[in-house]
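Okay, thanks everyone, let's get going. I'll put the model up and then talk you through the parts I looked at.

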Amino acid sequence: MLISKYSEPEFDPYGDRRETEPDPGWLAPVAEKALDSVLALPGSKSLTNRELVLAALADGPSTLHAPLWSRDSELMIDALRALGTSFERMPATGGFGDDLRVIPADELLGSTTIECGLAGTVMRFVPPVAALALGPTTFDGDEGARRRPMGGSIDGLRALGVDLDDDRRGALPFTVHGTGRIEGGTVELDASASSQFVSGLLLSAARFERGLDLRHTGERLPSLPHIEMTIETLRQRGIEVASPEPGRWIVEPGPIRAVDVAIEPDLSNAAPFLVAALVAGGSVSIVGWPDTTTQVGAQLEQLLPRFGAIVERAGDRLTVRAPERTADGGRGIRGADLDLSEAGELVPNLVALAAFADGPSTFTGIGHIRHHETDRLAALVAELNGLGGDVRELDDGLQIVPAPLHGGPWRAYADHRMATTGAIVGLGVDGVIVDDIGSTSKTLPQFTALWEQMLA
Ligand SMILES: O=C(O)C1=C[C@@H](OP(=O)(O)O)[C@@H](O)[C@H](O)C1
Ligand SMILES: C=C(OP(=O)(O)O)C(=O)O
């Protein structure tokens, strides 16, 4: 933009109000009674954004039933549209919004800029698609997104012969100079900072001339279930994928079949509601819980009993009940020592649960969540300790010693899961004010409405 000496400052309709009326934040409601709630949840972010990419690369139009409509999925739609994909919204057949028909481009075209927001799935899954497009595509995102590691994706594409400019070396913003084709072949990359480096390459790999033989070289690999999810979505579209040994994946080249898919509810977004049953007492049920799934949120069924929860499955309904109250009126929540390397995205909500337990908890295997929407280890320590908590950061985890908490401000750091964690703490502690509950729009724009429904 050319700014001349005489230009007026850009008109900001909220400018004055922001100065005089600072956002008061969201006063988290305290649970006044035991819960008895049955909830349905919108579609999975991880499934929606994988299916969007695969549908855009497929050999014909695909329909997504009950996809997630949220900031992350809409950024993915915008990104793929910018590369030439067409989308048609269709009346819902269930779920929380329209269905979506995805019509692949005849030829993917770059010469565009893609806004990733704070979405890891957009910044790591779309660059290979941009390399398959003709022309340069520049990627950028929120301030927080520029702090998220991109080295795995960038190095992986470079090793495949793709030309990229990354002035900030391994971080946004960067430009992919797409030539319309990727030769493919053997690649090594270190995905210890994020499994999404692997998923991003696997999702596009069937469109590489020689497919992909990918090896992870780092010492640890977080969020394995998310890689399993990627493999499963590829297989559903007729792609041959093998994993002959841990940390190695082979994708054969070939057409990506156009299929209609129903998106499962987001089981990781079930976490705050299910945890609420233990903090408030009573029970919370989620309907539409799939029989089998690759979503890591399904592990809540095994994880919550470690804290004393009673979990039942009846048909498509998962119910979590609080344990018996203790003789002195305590919640009866137990502390738990857990390796959460597979389930990093559940950590913030489980930390809130551990803060109300009757003994300490230690969560390990989660150093990589320092690179999520914010440094989640530092953020959880700062916010809980700010309310009187006793949380300590470990090399690759957290130790949570329950302590009496008091009300006060809770910063979300633009992180949806920090915001929902503040809501959980606020159920049990009067006066918790979340500064940015709107950040839940990243994956669950209906969060406050569902929270109120749960408490009604
Ligand atoms: O592929 C995905 O859909 C995701 C992978 C995981 O990322 P990391 O491997 O970076 O933890 C997870 O935490 C994130 O919420 C979603
Ligand atoms: C880490 C997360 O998101 P992203 O897909 O942006 O990595 C998350 O949702 O917890």
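Before the helices, one convention: helix angles under 35 degrees count as roughly parallel, and 65 to 115 as roughly perpendicular. Keep in mind, too, that this is a predicted model.

So, α10 and α12. Helix α10 covers residues 347-355 and helix α12 covers 416-428. Their axes come within 8 Å and cross at roughly 20°, so α10 and α12 are roughly parallel to each other. As for the hand of it, α10 passes α12 in a right-handed crossing. Who's touching whom? On the α10 side you've got P348, N349, V351, A352 and A355, and on the α12 side they meet R417, M418, T420, T421, I424 and V425. By class, that contact has seven nonpolar residues, three polar and one charged.

Now compare the other pair I picked, α5 and α6. Helix α5 is residues 151-159, and α6 is 196-205. Here the axes are 8 Å apart and the packing angle is about 40°, so α5 and α6 come out as oblique. The α5 and α6 crossing is right-handed. G152, S153 and G156 from α5 meet F197, G200 and L201 from α6. The classes there are two nonpolar, four polar and no charged.

Okay, zooming out to the domains. The assignment gives domain 1, which is 15-41 plus 265-455, and domain 2, which is 45-262. Going by C-alpha atoms, their centres are 29 Å apart. In terms of contacts, 18 residues of domain 1 touch 24 residues of domain 2. If you look at the domain 1 side of that, it has four nonpolar, ten polar and four charged residues.

That brings me to the ligands. Where does ligand 2 sit relative to the two domains? Both domain 1 and domain 2 give residues to its shell, so ligand 2 lies between them. The residues around ligand 2 are A119, G120, T121, E345, H372, E373, R417 and T443. You'll recognise R417, which we just met in the α12 contact with α10. By class, the ligand 2 shell has one nonpolar, four polar and three charged residues.

Then ligand 1. Which residues come nearest to ligand 1? There are 13 residues around it, and the nearest are S46, S194, S195, S223 and H226. Helix α4, residues 120-131, and helix α6 each supply at least two residues of the ligand 1 shell. So α6 turns up again here, having already come up as the partner of α5. The class split for ligand 1 is one nonpolar, eleven polar and one charged. And on domains, the ligand 1 shell takes at least three residues from each of domain 1 and domain 2.

Last bit, two backbone details for anyone who likes checking geometry. The peptide bond from L172 to P173 is cis, with omega near -5°. P173 is in the loop between β8, residues 163-165, and β9, residues 174-179. The other one is S111, where phi is near 55°, so a positive value in a residue that isn't glycine. S111 also lies in a loop, between β5 (99-103) and β6 (112-115).

That's what I had. Happy to take questions.

How values were computed. Residues are numbered from 1 along each chain as its sequence is written. Chains are lettered from A and ligands numbered from 1 in the order in which they are written. This is a predicted model: local features need pLDDT of at least 70, side-chain atom pairs count only at pLDDT 80 or more; totals for chains, interfaces and linings use all residues. A residue is near a molecule or strand if its C-beta atom, placed from the backbone, lies within 6 Å of it. Ala, Val, Leu, Ile, Met, Phe, Trp, Tyr, Cys and Pro count as nonpolar, Asp, Glu, Lys and Arg as charged, and the others, Gly among them, as polar. Domain bounds come from an automatic or database domain assignment. Two residues are in contact if their C-beta atoms, placed from the backbone, lie within 7 Å. Axes are lines fitted to C-alpha atoms, for helices over the stretch in contact, and angles run from 0 to 180 degrees between N-to-C directions. Helices (H or I, at least four residues) and strands (E, at least two) are DSSP runs, numbered from the N terminus. Angles under 35 degrees count as roughly parallel, over 145 as roughly antiparallel, 65 to 115 as roughly perpendicular and the rest as oblique. A crossing is left-handed if the near helix is turned anticlockwise from the far one by less than a right angle, and right-handed if clockwise.
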